[in-house]
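Got the viewer open? Here's a walk through the model, one selection at a time.

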Amino acid sequence: TPLVWRNAIYSEKAAGTAMAQLFEQQVALFKDIFDEKRQAYDQCAIVEVGMGTAELFSKITGNVDTLVGVELSQPMIDLAFELHGELKELSGSKVHLVQGNAVELCDVIERSVYPKEHAFWSEKTLRLSCMCMNTFGILPGDALKDAALRQMFLCAGAGGLVIVGCWHSESLPQGYKEFYRHHPELCGPCSEKDFDYEKGNFRSETGYESHWWSKEELETIVKRNFPWALEGLRLRFEVRGLGIFAICEVLPANGSAEPIEAGNPTWENLTPLVWRNAIYSEKAAGTAMAQLFEQQVALFKDIFDEKRQAYDQCAIVEVGMGTAELFSKITGNVDTLVGVELSQPMIDLAFELHGELKELSGSKVHLVQGNAVELCDVIERSVYPKEHAFWSEKTLRLSCMCMNTFGILPGDALKDAALRQMFLCAGAGGLVIVGCWHSESLPQGYKEFYRHHPELCGPCSEKDFDYEKGNFRSETGYESHWWSKEELETIVKRNFPWALEGLRLRFEVRGLGIFAICEVLPANGSAEPIEAGNPTWENLTPLVWRN
């Protein structure tokens with residue numbers, strides 16, 4: 001996908017197309033803004049969130065003093081440097097491309113690039129934070145958009161700028177006719193029935209989703225997430241080609257004040273503790289969700305007790321382990337616990353909550369920041385190199401994703417890539433367990449959980465639930481999918497990397513949950529994986545997107 005996308009928008013072949021013209025107009029906009037502003041500042045800096053293969057940076061290197069890109073995928077960063085030699089030459093001096101999460105933007109920059117006392121953060125530096133080419137339009141759910149946008153404002157600070165570049169809802173018919181229908185390799189085949197021109201939405205047959213924005217929608221979300229009094233915001237819009245740009249100027253006096261408390265708290269602040277209190281705390285004891293967690297813990301203990309005699313050691317790898325609640329209950333049942341989590345603040349909170357895990361950190365317990373679609377690489381880079389005994393056939397590796405983390409991953413492509421990586425991590429003789437909330441229990445989930453906890457996902461009523469399809473979407477944009485056995489079986493088999501004869505698959509329903517328990521037969525898991533139908537992001541996707 002990465003190279004395919006890049007070829008469709010940024011390559012010489014794409015020159016003259018509507019998307020290529022939009023990119024040229026975007027570059028011109030940024031150059032104009034820096035030319036206008038730079039006289040008033042000692043230096044100018046740009047921070048792009050989700051910069052992908054750094055196409056914008058490659059065009060404006062001479063217009064700014066500092067370029068900071070924050071991107072979830074390390075392979076995408078590597079690809080950006082491979083494609084743009086001039087950025088690689090400036091890496092570490094003028095150019096900094098770092099792996100990180102949009103909802104932790106300021107912390108990521110402070111940790112990885114510029115500490116708070118650096119001149120980058122002074123009022124003499126113009127900081128322009130941006131998200132371009134509709135990256136904002138494909139972020140899943142309002143909560144993530146809110147958290148990212150608020151962080152961009154806090155990063156820009158007093159006198160700074162925030163630019164959100166989206167595809168314009170009024171141009172969606174043109175987008176279909178001149179772009180999407182000519183590029184089925186990008187999002188799958190599509191027809192006009194896949195487009196809701198009135199609401200600005202597109203969803204392809206393959207599950208790819210994108211939202212094209214109106215001025216009114218952008219104005220609402222910008223004002224909702226401006227962290228200071230609105231008198232300190234100067235907001236204007238520019239429509240260029242297929243795109244609409246919200247150009248937000250933070251007036252100097254305003255941005256130095258204390259931010260107003262966020263209406264939609266960012267994930268690293270409120271949400272983790274609120275979720276934990278609703279499911280894992282003493283107050284939640286006896287509820288349906290708490291009972292499900294107890295049954296999940298019992299399932300894992302039973303599996304390790306059954307399997308451990310046949311191996312030198314047992315290891316568990318949990319993807320999206322959050323505050324490591326499962327680990328805190330099974331420390332005595334395994335030899336090694338590896339958690340891979342996108343959010344560093346979530347990892348810090350896990351150690352804060354569970355002192356016993358903190359004591360074992362670096363020996364038996366390893367909680368590391370990383371992306372599910374790069375699972376094996378993350379573990380090899382940050383914990384165990386490939387020659388370590390962790391990867392030997394004498395170690396039982398159980399990869400898992402629990403408590404419906406799988407159900408809130410956005411889009412089939414991400415689910416496919418993550419699941420395939422979990423199988424490759426487990427390897428010959430290993431296990432993969434996907435624990436989801438069960439579609440048949442969704443009515444119980446509404447009655448006994450969601451409606452009693454508006455602090456989690458916002459207020460909801462029965463009209464927000466599609467019991468037949470297992471879907472829930474709240475008024476605040478939170479989405480979750482509850483799974484049937486048939487759906488889980490389909491996605492597991494689709495992403496098993498070897499011949500299906502080597503998969504032993506069974507299901508267990510416990511309380512509100514359903515568990516797909518996947519055993520990789522020893523001879524099969526040591527063979528070469530079959531080429532993925534949906535290639536994982538760390539291989540093909542970055543270059544395809546760039547193209």
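Start with the nonpolar packing. The largest nonpolar core has 51 residues, and those touching the most other members are Phe300, Phe304, Ile316, Leu367, Leu398 and Tyr450. Now colour helix α13, residues 288–307: this helix gives the core its largest share, 9 residues. Then pick 49 residues elsewhere, which form a second, separate core; Ala18, Ile46, Leu67 and Ile163 are among them. As background, nonpolar side chains in soluble globular proteins tend to be buried together. Keep in mind throughout that this is a predicted model.

Back to Tyr450 for a closer look. Which residues does Tyr450 touch, once those up to four places away in sequence are set aside? Select Trp437, Leu442, Gly445, Cys457, Cys460, Phe465, Phe472, Tyr478, Ser480 and Trp482 and you have the list.

Next stop, the empty space. The structure holds 1 cavity of 30 Å³ or more, and the volume of the largest cavity is about 40 Å³. To see its walls, show Leu72, Gln99, Gly100 and Asn101, then add Leu342, Gln369, Gly370 and Asn371. Sorted by class, that lining comes out as 2 nonpolar and 6 polar residues, with no charged ones.

Now go to helix α10, residues 215–225. Its buried residues are Leu218, Ile221, Val222 and Asn225. Why do they end up on the same side of α10? Because they cover an arc of only 100° around the axis. The general rule behind this kind of spacing: an α-helix has 3.6 residues a turn, so residues three or four places apart point the same way.

Keep Ile221 on screen and add Lys145. This lysine is found in helix α7, residues 142–156. Buried or exposed, then, is Lys145? Buried: the relative accessible area of Lys145 is 7%. Beyond its neighbours within four places in sequence, Lys145 is in contact with Phe136, Leu139, Pro140, Trp213 and Ile221.

Trp213 leads on to Ser169, which has this tryptophan among its own contacts. Ser169 sits in the loop between β5 (161–167) and α8 (172–178), and with a relative accessible area of 13% Ser169 counts as buried. Leaving out residues up to four places away in sequence, Ser169 touches Gly200, Trp212, Trp213 and Ser214.

For a contrast in exposure, jump to Gly241, in the loop between β9 (233–240) and β10 (243–250). Gly241 is partly exposed, at 45% relative accessible area. Its contacts, apart from neighbours within four places in sequence, are with Gln25 and Ser171. Try the distance tool here: from Gly241 to Pro497, C-alpha to C-alpha, you should get 43 Å, for a pair 256 residues apart in sequence.

Finish with two backbone oddities. Most residues other than glycine have a negative phi. What is phi near in Ala54? Phi of Ala54 is near 60°, a positive value. Look for Ala54 in the loop between β1 (43–49) and α3 (55–60); Ala54 is buried, with a relative accessible area of 0%. Asn134 also has a positive phi, near 65°. You'll find Asn134 in the loop between β4 (125–131) and α7, and Asn134 is buried too, at 2% relative accessible area.

Technical notes:
Residues are numbered from 1 along each chain as its sequence is written. This is a predicted model: local features need pLDDT of at least 70, side-chain atom pairs count only at pLDDT 80 or more; totals for chains, interfaces and linings use all residues. Side-chain values use heavy atoms; hydrogens and water are left out. Buried means under 20% relative accessible area, exposed over 50%, partly exposed in between (1.4 Å probe, protein chains only). Helices (H or I, at least four residues) and strands (E, at least two) are DSSP runs, numbered from the N terminus. The arc is that of the directions from the helix axis to the C-beta atoms. On a 1 Å grid over the protein atoms alone, a cavity is a set of points where a 1.4 Å probe fits but cannot get out, and a pocket is an open set with protein on both sides within 12 Å along at least five of seven lines; lining residues have an atom within 4 Å of a point. Grid points are joined across faces, edges and corners, and a volume is the space filled by probe spheres set on the points. Ala, Val, Leu, Ile, Met, Phe, Trp, Tyr, Cys and Pro count as nonpolar, Asp, Glu, Lys and Arg as charged, and the others, Gly among them, as polar. A nonpolar core is a set of buried Ala, Val, Leu, Ile, Met, Phe, Trp, Tyr and Cys residues joined through side-chain atoms within 4.5 Å. Contact means heavy atoms within 4.5 Å.
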